[in-house]
Amino acid sequence: MDTQDPVAAPSPLTADDLRAALRAALGPRGLLETAEDVAPYVHEHRGLFVGTCIAVARPAATAEVAEVVRLCGAAGVPVVPHGGNTGLVGGGVPRGGVVISTERLCRIRGVDVANRTITVEAGAILADVQAAAEAAGALFPLSLAAEGSCRIGGNIATNAGGINVLRYGNTRELVLGLEVVLPDGRVWDGLRGLRKNNTGYDLKHLFIGAEGTLGIITAAVLKLFARPRSSETALVAVTDVDGAVALFQRLNDAVGDALSAFELIPRIGLDFCFAHIPGCADPMAEAHPWYVLLRLTSPRRHDPLGDALEAALAEAFEAGAITDAVVAQSETQALDLWRLRESISDAQRQEGGSVKNDVSLPLSQVPAFIARASAAVEVAMPGIRVCAFGHIGDGNIHFNLSQPVAMQRAAFMADWQRLERIVSDIAAELDGSFSAEHGIGELKRTSLLRYKEDVEIELMQRLKRALDPEAIMNPGKILTF
Ligand SMILES: Cc1cc2nc3c(=O)[nH]c(=O)nc-3n(C[C@H](O)[C@H](O)[C@H](O)COP(=O)(O)OP(=O)(O)OC[C@H]3O[C@@H](n4cnc5c(N)ncnc54)[C@H](O)[C@@H]3O)c2cc1C
């Protein structure tokens with residue numbers, strides 16, 4: 001990966017002056033300066049990107065974030081917001097400048113039970129937000145495998161998806177209000193808990209999914225939902241991806257909104273788990289080419305979800321649409337099934353190099369996409385191993401490619417762009433997107449230019465210039481200036 005620094009380094013004097021001013025503003029716990037201390041903030045967690053920075057600021061209050069941004073702006077030094085560093089596109093990797101970590105800005109400010117909202121600071125870990133909602137008798141439904149370390153500000157900045165999008169939407173749909181430090185150091189207090197507010201441009205949407213390029217999110221008002229009191233989890237074997245799509249339609253008709261997660265798993269994904277993740281075992285007697293892991297939930301305590309599920313599966317079985325199914329009989333069994341799904345990325349990593357494609361398509365086009373893209377990459381690189389899995393209910397497929405067994409990892413990874421291009425071109429031809437939920441960061445800037453219309457790029461550039469004319473807010477991410 002490119003480790004060039006596109007941001008002009010400030011003079012040593014400026015950097016020293018700035019560090020002294022930041023030290024004075026933030027106190028002894030507020031600034032990290034040694035190479036050892038800043039190392040975790042300049043390395044992307046997979047090691048694909050390594051950057052540099054002058055220092056890491058750790059403000060503990062919104063006013064401190066604003067002060068850091070003001071000081072950096074005055075020195076002409078860029079700032080790079082940092083959450084849990086679990087992003088997958090290099091968006092939080094600094095290319096010079098000052099990293100602003102939200103890790104000390106992590107309070108749950110309050111729960112409004114009647115309004116069904118929770119107000120949290122940007123550095124709150126997603127699992128802590130979920131736990132705070134649960135303690136208040138409610139559900140905050142955003143859920144992803146990185147939830148123990150990603151932070152809500154990062155989730156909002158990347159408009160994260162995860163396994164519950166089908167029922168509750170992306171992060172964008174879960175945010176009612178935001179507090180944001182703007183590139184000039186002013187604070188926009190948009191912390192409103194309103195479900196209706198048609199008062200001109202809805203500015204919060206500019207910052208959601210902007211990957212820290214327009215401002216630093218410091219707090220948010222989030223929607224809460226009724227907690228599920230009944231749930232059913234099943235792993236269902238299907239002969240092909242068309243069968244998975246047909247099962248989705250059948251279940252959607254049968255149980256509607258109760259279908260809260262619907263994930264595609266290929267046999268190779270399970271084989272990777274059995275080989276590398278201790279305690280993972282095949283819940284079925286025979287191997288099948290494709291599986292769907294699904295969950296139904298209801299806020300009613302004794303909702304007969306199980307009956308509806310069994311009936312829909314029996315019909316699908318009779319119609320020849322599914323070949324086997326395991327319905328979890330206990331919470332432990334359900335967790336074991338979900339562990340298989342959540343372990344695929346980890347297990348795949350242990351198979352050597354992995355080129356990740358995070359595409360989305362209209363659900364009707366997913367079978368054609370997987371067939372065409374698999375054939376194309378197999379022609380491009382004989383022996384490549386396609387592991388296509390993920391949130392098929394949302395039309396979102398992680399079309400991940402494992403290196404051929406005998407190939408060197410470095411040689412495979414060097415071919416990332418060619419393979420990504422093949423996959424993204426096919427997604428585009430089928431009216432899909434080259435980046436469904438992971439964003440653009442540095443990794444997909446070239447793709448953005450290739451697949452977005454000129455008019456869209458121009459509008460994005462104008463927005464960026466209007467909000468951040470000095471280009472100090474996470475420069476070089478999403479857009480190339
Ligand atoms: C195992 C694993 C599973 C994952 N599963 C999913 C998944 O199912 N769905 C999904 O969408 N993603 C997934 N991801 C990707 C990642 O977890 C998400 O993108 C997450 O939302 C990033 O949050 P973070 O706090 O780690 O952000 P970071 O990685 O720290 O930052 C991500 C971007 O947001 C910016 N940013 C961070 N905080 C702020 C802030 N307060 N204000 C403004 N900008 C900010 C950064 O500058 C950067 O550009 C997964 C990652 C891993 C490692």
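The centres of domain 3 and domain 4 lie 23 Å apart, taken over C-alpha atoms. The model is predicted. The two domains bury about 1,400 Å² between them. Elsewhere, a ligand has 92% of its area buried by the protein.

**Domain layout**
- The domain assignment splits the chain into domain 1 (12-104), domain 2 (108-226), domain 3 (230-347) and domain 4 (354-439).

**Domain 3 against domain 4**
- On the domain 3 side, 17 residues make contact, and they meet 16 residues of domain 4.
- The size of an interface is often given as the accessible area lost when the parts come together.
- For domain 3 and domain 4 that area is about 1,400 Å², and 73% of it is on carbon and sulfur atoms.
- Val245, Leu264 and Phe272 are the domain 3 residues that lose the most area to domain 4.
- Together, Val245, Leu264 and Phe272 account for 31% of what the domain 3 side buries.

**The shell around the ligand**
- The ligand has 35 residues around it.
- Pro81, Gly83, Gly84, Thr86 and Gly87 come nearest.
- By class, the shell holds 21 polar, 11 nonpolar and 3 charged residues.
- Three elements each supply at least two shell residues: β3 (79-82), α5 (152-157) and β10 (216-223).
- Of the elements, α5 gives the most, with 4 residues.

**Polar contacts and burial of the ligand**
- Gly84, one of the nearest residues, places a backbone N or O atom 2.7 Å from an oxygen atom of the ligand.
- Arg151 also uses its backbone: an N or O atom there lies 2.8 Å from a ligand oxygen atom.
- Asn155 uses its side chain, where an N or O atom is 2.9 Å from an oxygen atom of the ligand.
- Taken alone, the ligand exposes 980 Å², and the protein buries 92% of that.

Key:
Residues are numbered from 1 along each chain as its sequence is written. This is a predicted model: local features need pLDDT of at least 70, side-chain atom pairs count only at pLDDT 80 or more; totals for chains, interfaces and linings use all residues. Side-chain values use heavy atoms; hydrogens and water are left out. A residue is near a molecule or strand if one of its heavy atoms lies within 4 Å of it. A polar contact is a pair of N or O atoms within 3.5 Å; within protein, one must be able to donate a hydrogen and the other to accept it, and residues adjacent in sequence count only if both atoms are side-chain atoms. Accessible areas come from the Shrake-Rupley method with a 1.4 Å probe; for residues, only the protein chains shown count as cover. Ala, Val, Leu, Ile, Met, Phe, Trp, Tyr, Cys and Pro count as nonpolar, Asp, Glu, Lys and Arg as charged, and the others, Gly among them, as polar. Domain bounds come from an automatic or database domain assignment. Contact means heavy atoms within 4.5 Å. Buried area is the accessible area (1.4 Å probe) that two parts lose on being put together, summed over both.
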